Amino acid sequence: MSNEAVNRVSGHIVLGLSLFAMFLVGGAAVLAMLGAFEPSPDGDEGATAHLFQLAIVLLLPAGLAFLATADWRRPLGVAKRLAVPAAALIVAFSTLYYMEHLR
């Protein structure tokens, strides 16, 4: 596979994982606001939290592959492709912080 193909695939993976993480946290927040989501009394975080953690961990190798194969002669193009994933992660972690500390 060429660097360009690896960069394209890893960019799509980064985008997909960050949006997946955002929708997981957002869905849990909506359910919590509706009263349909209660934490387990035994301290288990549940499948949603584990999927979120897995998505965040998988972002590391995908992000490294994206950055390693990026065309650094055009850094603005690299930054543009990371803008939506970065915004999705900011929303996900902000919502998570709100749910944990301010709710």
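This is a short dialogue between a learner and a teacher about reading a predicted model.

Biologist: Let's begin on the surface. Which residues make the nonpolar surface patch?

Modeller: Remember that we are looking at a predicted model. The patch is made by Phe20, Leu51, Leu54 and Leu58, and it covers about 340 Å².

Biologist: Which helix gives the most to that nonpolar patch?

Modeller: That is helix 2, residues 47-68, with three residues. Take Leu54, which sits in helix 2.

Biologist: Is Leu54 buried, partly exposed or exposed?

Modeller: The general idea is a scale of relative accessible area: under 20% is buried, over 50% is exposed, and partly exposed is in between. Leu54 has 45%, so it is partly exposed.

Biologist: What about charge? Which residues form the negative surface patch?

Modeller: Asp42, Asp44, Glu45 and Glu100 form it. Two of its members are good to find on the model. Asp44 belongs to the loop between helix 1 (3-34) and helix 2, while Glu100 is part of helix 3, residues 75-102.

Biologist: How do Asp44 and Glu100 read on the accessibility scale?

Modeller: Asp44 has a relative accessible area of 44%, so it is partly exposed. Glu100 has 61%, so it is exposed.

Biologist: And how far is Asp44 from Leu102 in space?

Modeller: Their C-alpha atoms are separated by 21 Å, and the two residues are 58 residues apart along the chain.

Biologist: What should I make of a pair like that?

Modeller: Read two numbers side by side: one along the chain, one through space. Try Gly63 and Ser10: they are 53 residues apart along the chain, and 7.0 Å separates their C-alpha atoms. Then try Ala68 and Leu17, which are 51 residues apart in sequence and 18 Å apart in space, C-alpha to C-alpha.

Biologist: Where do Gly63 and Ser10 sit?

Modeller: Gly63 is in helix 2, and Ser10 is in helix 1. Gly63 has 18% relative accessibility, so it counts as buried. Ser10 is buried too, with a relative accessible area of 4%.

Biologist: Is Ala68 buried or exposed?

Modeller: Ala68, also a helix 2 residue, is exposed because its relative accessible area is 62%.

Biologist: Now for contacts. What does the side chain of Ser10 meet?

Modeller: For a polar contact, look for a pair of N or O atoms within 3.5 Å. A polar atom of the Ser10 side chain lies 3.2 Å from the backbone oxygen of Asn7.

Biologist: Which side chain makes a polar contact with the side chain of Asn7?

Modeller: The side chain of Thr69 does, at 3.3 Å. Look for Thr69 in the loop between helix 2 and helix 3. Thr69 is buried, because its relative accessible area is 15%.

Biologist: How many salt bridges does a search of the whole structure find?

Modeller: The search finds one. Here the general idea is a side-chain nitrogen of Lys or Arg within 4 Å of a carboxyl oxygen of Asp or Glu. In this model the side chains of Asp71 and Arg73 meet that way, at 3.0 Å from N to O.

Biologist: How accessible are the two partners?

Modeller: Asp71 has 30% relative accessibility, so it counts as partly exposed. Arg73 has 74%, so it counts as exposed.

Definitions and conventions
Residues are numbered from 1 along each chain as its sequence is written. This is a predicted model: local features need pLDDT of at least 70, side-chain atom pairs count only at pLDDT 80 or more; totals for chains, interfaces and linings use all residues. Side-chain values use heavy atoms; hydrogens and water are left out. Patches are made of residues with over 30% relative accessible area and no salt bridge: like charges are joined within 9 Å, nonpolar side chains (Val, Leu, Ile, Met, Phe, Trp, Tyr) within 5 Å. Accessible areas come from the Shrake-Rupley method with a 1.4 Å probe; for residues, only the protein chains shown count as cover. Helices (H or I, at least four residues) and strands (E, at least two) are DSSP runs, numbered from the N terminus. Buried means under 20% relative accessible area, exposed over 50%, partly exposed in between (1.4 Å probe, protein chains only). Lys and Arg count as positive and Asp and Glu as negative; His and the chain ends are not counted. The place of a charge is taken as NZ of Lys, CZ of Arg, CG of Asp or CD of Glu. A polar contact is a pair of N or O atoms within 3.5 Å; within protein, one must be able to donate a hydrogen and the other to accept it, and residues adjacent in sequence count only if both atoms are side-chain atoms.
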